[in-house]
Structures are given as C-alpha cells and as structure tokens.
Amino acid sequence: MQKILIIGYLGRDPELKYSPQGAVVAQFSIASSERWRDRNGELQERTEWFAIKAFGRRAEIAGAYLHKGSRVYLEGRKRTESWEDKKTGGKNYRDLVYLDRIEFLDSRANGNGNPGQNETSNERRPVPDEEVPF
C-alpha cells in the first residue's frame, strides 16, 4: 500500500482537459515546504514540487474551486507516466500524484470561488466521498 499526504500551495491554476469520450482530467502543481534549524541555528527551508493529476469529479472540483496560491491538503498515490519523445524517439518518464482526496485549507471563502473554510467556522471543508464517484 502507498499513500502520499501533502499540505501545500498551488503553483498554478488547474489545467482542465477533456477526452473525446468527455472524461475530465485536471493537472496542477503543489509546493510544500519544510523548515528546520541547522547546526549553527540558522533557519533553513526546502521546497518540494509535486505534479498532481485528478480525474472525474475531483478534476471538476479542482477546476472550479482551486487557483494559484490555494492552500490544500491532498491524499493520493504515486504514479509514473511514460511517453515516447517524437523528436528523439527516446522514452521520457514523469512522476505524478494521482489525487484521491482533497481538503481546502484557505482561511475563508474568497472572490475566486474557493470555498476554503466556512466563513463563520474554523472547520475545514472536506470534499465528501459521495461527491466523488470513485
């Protein structure tokens, strides 16, 4: 079993694509930073970037509510996609996180349509499993 948990910020707006059959796929990136003090007491920081891919209802939710800078909690699984480079004929690989679950962590709703947390509550708003068909 594998599970990836990420809290971070969107690096760009989700990009939505549709298959000829009408299936929706969203792709976006998440930056997650960790901070620590080194031996000299100096504050250090490292940021890791994750490529995220969402399908179906999760992709629709990402496209409707997320935007660059949105803070989110994600659960997913690592997948490696490969393709052949048309120019060189070589094989390319890319690691992605396939989205299984998302929670909006922004402090409150904003003008960009991100529901974030309820404006009168500090509770996080998870996307219910009933809204996601798989």
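Good morning. I begin with one residue, E45, which counts as partly exposed at 45% relative accessibility. Its partner is R35, and the two form a salt bridge in which the closest N and O atoms are 3.1 Å apart. R35 lies in strand 3 and E45 in strand 4, so this pair ties together parts that are 10 residues apart in sequence. R35 itself is exposed, with a relative accessible area of 58%. Please keep in mind throughout that this is a predicted model.

Let me now place these strands in the whole. The protein has 1 helix and 7 strands. Read from the N terminus, the order of the elements is β-β-β-β-α-β-β-β. Of its 134 residues, 32% count as buried. The protein exposes about 9000 Å², and carbon and sulfur atoms supply 45% of that area. Among the contacts with a separation of 6 or more, 53% come from residues 24 or more positions apart.

Next, the pairing of the strands. Strand 2, residues 15–18, runs antiparallel to strand 3, residues 24–37, and 4 bridges join them. Within this pairing, E15 has Q27 in strand 3 as its bridge partner. The two strands form a hairpin with 5 residues between them, and G22 in the turn has a positive phi of about 95°. E15 also takes part in a salt bridge with K17, where the closest N and O atoms are 3.5 Å apart. Both residues are partly exposed: E15 has a relative accessible area of 36%, and K17 is at 46%.

A second hairpin is made by strand 5 and strand 6, with 6 residues between them; here the turn residue G89 has a positive phi of about 80°. These two strands pair in the antiparallel sense over 13 bridges, and one of the partnerships is that of E84 with K91 in strand 6. Strand 5 also pairs with strand 1, residues 4–10, again in the antiparallel sense, over 6 bridges. There, I4 has G76 in strand 5 as its bridge partner.

What does the side chain of D85 reach at 2.7 Å? It reaches the backbone nitrogen of K87. D85 lies in the loop between strand 5 and strand 6, and it is partly exposed, with a relative accessible area of 24%. Leaving out residues up to four places away in sequence, D85 touches G90 and N92.

Strand 5 and strand 6 are also linked through side chains. R77 and D100 form a salt bridge, with the closest N and O atoms 2.3 Å apart. R77 belongs to strand 5 and D100 to strand 6, 23 residues apart. The structure holds 11 salt bridges, and K3, E75, R101 and E103 are linked in a network of them.

Finally, we turn to the interior. The largest nonpolar core has 18 residues, and F28 is among those with the most contacts inside it. Strand 1, strand 3, strand 4, helix 1, strand 5 and strand 6 each supply at least two residues of this core. Apart from residues up to four places away in sequence, F28 touches residues including L10, F50, I52, L66 and L74.

Is S29 buried or exposed? S29 lies in strand 3 and is buried, because its relative accessible area is 13%, under the 20% cut-off. Beyond its neighbours within four places in sequence, its contacts include Y9, G11 and W49. Thank you for your attention.

Methods. Residues are numbered from 1 along each chain as its sequence is written. This is a predicted model: local features need pLDDT of at least 70, side-chain atom pairs count only at pLDDT 80 or more; totals for chains, interfaces and linings use all residues. Side-chain values use heavy atoms; hydrogens and water are left out. Two strands pair if DSSP finds at least two bridges between them. Helices (H or I, at least four residues) and strands (E, at least two) are DSSP runs, numbered from the N terminus. Buried means under 20% relative accessible area, exposed over 50%, partly exposed in between (1.4 Å probe, protein chains only). Contact means heavy atoms within 4.5 Å. Accessible areas come from the Shrake-Rupley method with a 1.4 Å probe; for residues, only the protein chains shown count as cover. A polar contact is a pair of N or O atoms within 3.5 Å; within protein, one must be able to donate a hydrogen and the other to accept it, and residues adjacent in sequence count only if both atoms are side-chain atoms. A nonpolar core is a set of buried Ala, Val, Leu, Ile, Met, Phe, Trp, Tyr and Cys residues joined through side-chain atoms within 4.5 Å. A salt bridge is a side-chain nitrogen of Lys or Arg within 4 Å of a carboxyl oxygen of Asp or Glu.
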